[in-house]
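Please look over the chain below before reading on. The report covers its core, its sheet and a few single residues.

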Amino acid sequence: MDVVLERLDEQESCEIVVETEDFSLAEPEFIIGRAADCNLRLPNRFVSRHHCELLVNGRDRVVRVRDLGSQNGTFVNDGPVTDDRELKNGDKLVVGCIPFEVHIE
């Protein structure tokens with residue numbers, strides 16, 4: 001399963017590979033935030049140190065997002081993430097104020 005986040009607010013195309021068949025996460029969690037220990041660092045004042053995480057289940061081919069108590073929220077298709085929420089191909093994921101399009105194949 002390939003999971004890619006395409007950043008939508010960049011002048012040039014920017015894609016972040018979360019998981020592919022050739023590159024698999026050692027841990028099923030992919031943490032997004034400002035802190036140095038995050039898998040994806042977003043140095044932005046609207047992004048919390050540990051903002052949200054993607055939970056990748058390659059066996060069941062499911063990707064979920066979980067907000068980690070962030071100050072400015074995590075949103076999927078303009079709705080707030082309050083519990084674990086399944087992501088689908090083409091969903092819009094917003095972390096703080098940073099928009100991504102989710103690609104799952």
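## Core

The largest nonpolar core has 23 residues, and Leu5, Ile32, Leu54 and Leu93 have the most contacts inside it. Keep in mind that this is a predicted model. Six elements are listed as giving two or more residues to this core: β1 (3-7), β3, β5, β6 (62-67), β10 (92-95) and β11 (98-104). The largest share comes from β11, which gives four residues.

Take Leu93 as a way into the core. Leaving aside neighbours within four places in sequence, leucine 93 is in contact with Leu5, Leu54, Val65, Thr74, Phe75, Val76, Ile98, Pro99, Phe100 and Val102. Leu5 and Leu54, both in that list, are also among the residues with the most contacts inside the core.

## Sheet

Five strands form an open sheet, in the order β4-β3-β5-β6-β9. The pairing is mixed. Why do β4 (40-41) and β9 stand at the edges? Each has a single partner strand, so one side of each is left without a neighbour in the sheet.

Both senses of pairing can be seen at β3. Strand β3 (residues 29-33) runs parallel to β4, and two bridges join them. Glycine 33 has arginine 41 as its bridge partner in β4. With β5, β3 pairs in the antiparallel sense, over four bridges. Here phenylalanine 30 stands opposite leucine 54 in β5. In a regular strand, the side chains alternate between the two faces of the sheet.

## A buried glutamate

Is glutamate 53 buried or exposed? Its relative accessibility is 8%, so glutamate 53 counts as buried. Glutamate 53 is found in strand β5 (residues 52-57). Which side chain makes a polar contact with the side chain of glutamate 53? That of arginine 66 does, at 2.7 Å.

The surroundings of glutamate 53 include other residues too. Beyond four places in sequence, glutamate 53 is in contact with Glu29, Phe30, Ile31, Arg64, Val65, Arg66 and Leu68. Phe30 is thus a contact of glutamate 53, while phenylalanine 30 stands opposite leucine 54 in β5.

## Loop residues

Three loop residues deserve a look. The table gives their places and accessibility.

| Residue | Loop | Relative accessibility | Class |
|---|---|---|---|
| Arginine 61 | between β5 and β6 | 47% | partly exposed |
| Asparagine 77 | between β7 (74-76) and β8 | 39% | partly exposed |
| Aspartate 83 | between β8 (79-80) and β9 (85-87) | 58% | exposed |

Check the backbone at two of them. Most residues other than glycine have a negative phi. Arginine 61 has a positive phi, near 60°. Asparagine 77 also has a positive value, near 50°. Neither residue is a glycine.

Why does aspartate 83 count as exposed? Its relative accessibility is 58%, and the cut-off for exposed is over 50%. How far apart are aspartate 83 and leucine 68 in space? They are 9.9 Å apart, C-alpha to C-alpha, and 15 residues apart in sequence. Leucine 68 is also one of the contacts of glutamate 53.

Conventions. Residues are numbered from 1 along each chain as its sequence is written. This is a predicted model: local features need pLDDT of at least 70, side-chain atom pairs count only at pLDDT 80 or more; totals for chains, interfaces and linings use all residues. Side-chain values use heavy atoms; hydrogens and water are left out. Buried means under 20% relative accessible area, exposed over 50%, partly exposed in between (1.4 Å probe, protein chains only). A polar contact is a pair of N or O atoms within 3.5 Å; within protein, one must be able to donate a hydrogen and the other to accept it, and residues adjacent in sequence count only if both atoms are side-chain atoms. Contact means heavy atoms within 4.5 Å. Two strands pair if DSSP finds at least two bridges between them. A nonpolar core is a set of buried Ala, Val, Leu, Ile, Met, Phe, Trp, Tyr and Cys residues joined through side-chain atoms within 4.5 Å.
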